[in-house]
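Visitor: I would like to learn how to read this structure, one feature at a time. Could you take me through it?

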Amino acid sequence: MKISNLLHYLYQPDPEIVLYGAQLDIHKSLPELAKYLPATPLEAEQLGPAAKSGSETFYISASPVRSSLHYDSRENLVCLLTGNKGKEFFLVDPLTSSALLYGDQKQYGNGSPLTFKMDGTLVPDDMAEEKRYNLMKYVSSSRVTLYPGDCLYIPIFWYHQVFSLGYELTVSLNYWRTPNKGKKDDVGRLLCGRRHKSASMTC
């Protein structure tokens, strides 16, 4: 779908249609808007150099949607531009993730077989697998709500799930930065459970 069509639906939402524009590269997909971007926050600059591609992206929705539970291999500063209902983020640190979220890169990539409900509880995508993930109830997550003007730093390899709230235009701007190699290697080892014997992560 063309971005112009997506924006048409977003401004004239149809309750029967759920559309979500994810990780829209501003410089490639919306170059005419690039000159209107706000000055890059100092916090983003301190995270590392801009990624070679997709250094600034939009996430756009106009109805309640949620992402999958996943992690990213780049530093991420997400700022909410519009959407008075806000965005909910659930975050889980790498050490907890490696022990309790049961990720397997070969099977799930950077995703997880689990998902958060809005009340903060975790459930498997396939409820028939519930016994396999019996430790998930011990996951200690952080919950953050962003409102327009708020920004949130999501470090590399932190599992997170995002909920867009309400039937209104919600736009977030993400600044992606290349992490320090030493930090990426160290946090990656935690994520893969190489220092945690009960981890199930397969890297």
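Visitor: Let me begin with strand pairing. Which residue in β11 is the bridge partner of Val78?

Guide: Happy to start there. Strands of a sheet pair through backbone hydrogen bonds, either parallel or antiparallel. Here, in a model that is predicted, Val78 has Asn174 as its bridge partner in β11. That bridge belongs to the pairing of β4 with β11, which is antiparallel and covers seven bridges.

Visitor: Which strand does β4 meet over four bridges?

Guide: That is β9, and the two run antiparallel. To find the register, look at Leu77, which stands opposite Tyr153 in β9. So much for pairing; the surroundings of β4 come next.

Visitor: Is β4 mostly covered or mostly open?

Guide: Mostly covered: six of the eight residues of β4 are buried. A good example is Leu80, which is found in this strand. Leu80 counts as buried because its relative accessibility is 2%, where the cut-off for buried is under 20%.

Visitor: What is Leu80 in contact with, apart from its neighbours within four places in sequence?

Guide: Several stretches of chain meet Leu80. Its contacts include Gly86 and Lys87, the run Leu146, Tyr147, Pro148, Gly149 and Asp150, and then Thr170, Val171 and Ser172. You can also check a C-alpha distance: Leu80 and Asn174 are 94 residues apart along the chain, yet their C-alpha atoms are separated by 8.7 Å.

Visitor: How many disulfides are there?

Guide: A disulfide is a covalent bond between the sulfur atoms of two cysteines. The count here comes to one disulfide. Cys79 and Cys151 form it, with their sulfur atoms 2.1 Å apart.

Visitor: Which parts does the pair of Cys79 and Cys151 tie together?

Guide: Cys79 lies in strand β4 and Cys151 in strand β9 (residues 151–154), so the bond ties together parts that are 72 residues apart in sequence. The handedness can be read from the torsion about the S-S bond: it is about 110 degrees, so this disulfide is right-handed.

Visitor: Are Cys79 and Cys151 buried or exposed?

Guide: Take each in turn. Cys79 is buried, at a relative accessible area of 7%, whereas Cys151 counts as partly exposed at 40% relative accessibility.

Visitor: Let us turn to the open sheet. In what order do its four strands come?

Guide: The order is β3-β10-β5-β8, and the pairing is antiparallel. At the edges stand β3 (65–66) and β8 (142–146); each has a single partner strand, so one side of each is left without a neighbour in the sheet. The partner strands β5 and β8 are joined over five bridges in the antiparallel sense. As a landmark within that pairing, find Phe90, which stands opposite Arg143 in β8.

Visitor: Where does the largest pocket have its centre, and which residues lie nearest to that centre?

Guide: Look for Tyr59, His70, Asp72, His160 and Trp176, which lie nearest the centre among the 18 residues of the lining. The elements that give two or more residues to this lining are β1 (20–25), β4 (75–82), β5 (87–92), β10 (159–164) and β11 (170–177). The largest share, three residues, comes from β11. The volume of the pocket is about 260 Å³.

Visitor: How do the lining residues divide into nonpolar, polar and charged?

Guide: Seven are nonpolar, eight polar and three charged.

Visitor: And the loops: which residue has a positive phi although it is not a glycine?

Guide: That is Phe157, with a phi of about 65 degrees. Phe157 sits in the loop between β9 and β10, and at 9% relative accessibility it counts as buried. Another loop residue to look at is Pro179, between β11 and α7 (181–191). Pro179 also counts as buried, at 12% relative accessibility. Neighbours within four places in sequence aside, Pro179 is in contact with Leu47, Ser73, Arg74, Glu75, Ile156 and Lys184.

Visitor: To finish, how many helices and strands are there in the protein?

Guide: There are seven helices and eleven strands. Of the 203 residues, 46% count as buried. Among contacts with a separation of 6 or more, 84% are between residues 24 or more positions apart.

Conventions. Residues are numbered from 1 along each chain as its sequence is written. This is a predicted model: local features need pLDDT of at least 70, side-chain atom pairs count only at pLDDT 80 or more; totals for chains, interfaces and linings use all residues. Side-chain values use heavy atoms; hydrogens and water are left out. On a 1 Å grid over the protein atoms alone, a cavity is a set of points where a 1.4 Å probe fits but cannot get out, and a pocket is an open set with protein on both sides within 12 Å along at least five of seven lines; lining residues have an atom within 4 Å of a point. Grid points are joined across faces, edges and corners, and a volume is the space filled by probe spheres set on the points. Ala, Val, Leu, Ile, Met, Phe, Trp, Tyr, Cys and Pro count as nonpolar, Asp, Glu, Lys and Arg as charged, and the others, Gly among them, as polar. A disulfide is a pair of cysteine sulfur atoms within 2.5 Å. Buried means under 20% relative accessible area, exposed over 50%, partly exposed in between (1.4 Å probe, protein chains only). Contact means heavy atoms within 4.5 Å. Two strands pair if DSSP finds at least two bridges between them.
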